[in-house]
Amino acid sequence: MSGITGKIKSQVDAIWMSFWTGGITNSIDVLEQMTYLFFMKMLDDAQLDKEAIAVKMGMGDVELPDAVFKKGLWHNPDTDKDVPYKNLRWSEFRHFIPEEMFNTVRFDVFTFIKHLNDAKTSAYSRFMNDAVFLIQQPRTLVKVVEGINELDMNDRDTMGDVYEYVLGKMAASGTNGQFRSPRHIIRMMVELMQPRLDDRICDPAMGTAGFDVTCAQYIKEHYQQELLKKQNSQHFRTKMFSGFDTDPKMLRIGSMNLMLNGVDDPDVRAQDSLSNQNTCEGYYSLIMANPPFSGTLDYEVVNDSLLTLTRTKKTELLFMSLFIRMLELGGRCASIVPDGVLFGTSTAHLALRKELVDHQHLQAIISMPSGVFKPYAGVSTAIIVFTKTNAQSTDRVWFYDMKADGFSLDDKRNEIQDNDIPDIIERFHNLDGEAERSRKDQSFFVPAQEIRDNDYSLAINKYKEVEREKVVYDAPEVILGRFEQLQNEITEAMNEFKTKFMK
């Protein structure tokens, strides 16, 4: 995280502590409540900017056609009372006395943003229907509002970093950490796939939208000038990014994460990606995901099209089947999978690997150490990279044995010097130089036919050659001589002991 300073971290830490001292101690609840208040401020800041432009153009008294906060009164459907629109604005209610601010935000402003769904103000507002305001004390709200007001929410890059920092605090607290994939691993995968400006990118197991957000950051870094064009900017803000999840909290948090990174209205949907709700086929050019891989589903709830490839109840295999279906021809995928996908012996495991090797272009298997997901899980994982071709196009597969990711592999995950990630990225983008690498090296190619001959196993240990140092032992008579010498020394010591102390 490059953009966040020590001062901003201290500000966010103070906001976080205000929630905790106010009785909200579940980290995901803290993040969600903070997200609501971010949205309130962003709505007002956006309109203030438009009003400032109108004043410069001599139209200060004219109501903007797309104004969220209009002139006059808004009718609150929950309380059946009329409220001045101006009281709903962050720039107004933040000056109210504590009790008045609390009642205004809790009963009016919060209800107002929940009903923005009809206007489709943003992807975020579409998932506000079941949101709950948890702050119970006026003083807590005052402290949080004061803290958020100090943050410059007009700088989207900085706010994106702020939100990443808050997500990191959520994971570090040990609660709901399963929702957050390691950001340095996500960044590595994005660097491997190098998203393009014309991509249509999807994460069917979105969570907090880490993959989509990191792709957005990559696009902004590498296509800064091209994004100034209206057509490219429109694609970036709307159709470039998609994400699905079943958890309303994750949809709200993920949508806000995208919004703070300049993606105002992505295709974010509440749906079970593996069910009949998801009918998408052959559309996306890039899929990146860390899907759930510890669950099983009944056949009845799984989309039939996924079962034709691999009849299974295991979510990790069903998601891989889904990725193949959702990609367009030539579409690329990078996904984290548990090691069992690489060497499982069931008919379903074999069918999936056969599909990847024989009917798609399987490019790379990057084996990661088991500590990458600690302290939340110790499972061994790998990254699968493939391109959809629907034709036999795998001639060889590149394997990399990652031993270090820049952090200790224990529960503490402290930063260390050893880090294979830069080497992985460099080698992946220069595969021609890998052709002569030995199986004793950290990375190497394996011919597709050899994989077929080994029951389509994609386990790196199946192909890696381990060089063992030859151990030379002494001759038996030498070892026996040492035993005799040691025995003589013990006998001599015992006799000396008897002479001195046992007279």
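**Figure 1. A salt bridge between two buried residues, D405 and R413.** In this predicted model, D405 and R413 are both buried. Their side chains meet in a salt bridge, with 2.5 Å from N to O. Elsewhere, salt bridges with shared partners tie D29, E32, D130, K249 and R252 into one network. The structure holds 24 salt bridges.

**Figure 2. The salt bridge of K249 with E32.** The closest N and O atoms of K249 and E32 are 3.9 Å apart. This pair links distant parts of the chain, as K249 belongs to helix 10 (residues 248-259) and E32 to helix 2, with the two positions 217 residues apart in sequence. K249 has 27% relative accessibility and therefore counts as partly exposed. E32, at 3% relative accessibility, counts as buried.

**Figure 3. A salt bridge within helix 14, K354 to D358.** The side chains of K354 and D358 meet at 3.4 Å, N to O. Both residues lie in helix 14 (residues 347-359), 4 residues apart, which is about one turn of the helix. An α-helix has 3.6 residues a turn, so residues three or four places apart point the same way. K354 has a relative accessible area of 37% and is partly exposed, whereas D358 has a relative accessible area of 7% and is buried.

**Figure 4. R325, a buried arginine with no salt bridge.** R325 is found in helix 12, which covers residues 315-326. The nearest side chain of opposite charge is that of E281, 5.2 Å away. A salt bridge needs a side-chain nitrogen within 4 Å of a carboxyl oxygen, so the pair of R325 and E281 does not count as one. Leaving aside residues up to four places away in sequence, R325 touches N278, T279, C280, E281, G282, N303, S305, L306 and K388.

**Figure 5. Helix 8, largely enclosed by the rest of the structure.** Helix 8 runs over residues 210-222 and has 13 residues. From its first C-alpha to its last, helix 8 reaches 18 Å, close to the 18 Å expected at 1.5 Å a residue. Because 10 of its 13 residues are buried, helix 8 is largely enclosed. The buried residues are G210, F211, D212, V213, T214, C215, A216, Q217, Y218 and I219.

**Figure 6. A nonpolar patch on the surface.** The patch is formed by I53, M57, M59 and V62. Together these residues have about 400 Å² of accessible area. I53 lies in helix 2, which covers residues 27-56. Helix 2 is also the helix that holds E32, the partner of K249 in the salt bridge of Figure 2.

**Figure 7. N390, a loop residue with positive phi.** N390 has a phi of about 55°, although it is not a glycine. The loop that holds N390 lies between strand 9 (381-387) and strand 10 (396-401). With 48% relative accessibility, N390 counts as partly exposed.

**Figure 8. Y456, a buried loop residue with positive phi.** Y456 is not a glycine, yet its phi is positive, at about 60°. Y456 is placed in the loop between helix 16 (448-453) and helix 17 (476-501). Its relative accessible area is 11%, so Y456 is buried.

Methods
Residues are numbered from 1 along each chain as its sequence is written. This is a predicted model: local features need pLDDT of at least 70, side-chain atom pairs count only at pLDDT 80 or more; totals for chains, interfaces and linings use all residues. Side-chain values use heavy atoms; hydrogens and water are left out. Buried means under 20% relative accessible area, exposed over 50%, partly exposed in between (1.4 Å probe, protein chains only). Lys and Arg count as positive and Asp and Glu as negative; His and the chain ends are not counted. Contact means heavy atoms within 4.5 Å. The expected span of a helix is 1.5 Å times one less than its number of residues. Patches are made of residues with over 30% relative accessible area and no salt bridge: like charges are joined within 9 Å, nonpolar side chains (Val, Leu, Ile, Met, Phe, Trp, Tyr) within 5 Å. Accessible areas come from the Shrake-Rupley method with a 1.4 Å probe; for residues, only the protein chains shown count as cover.
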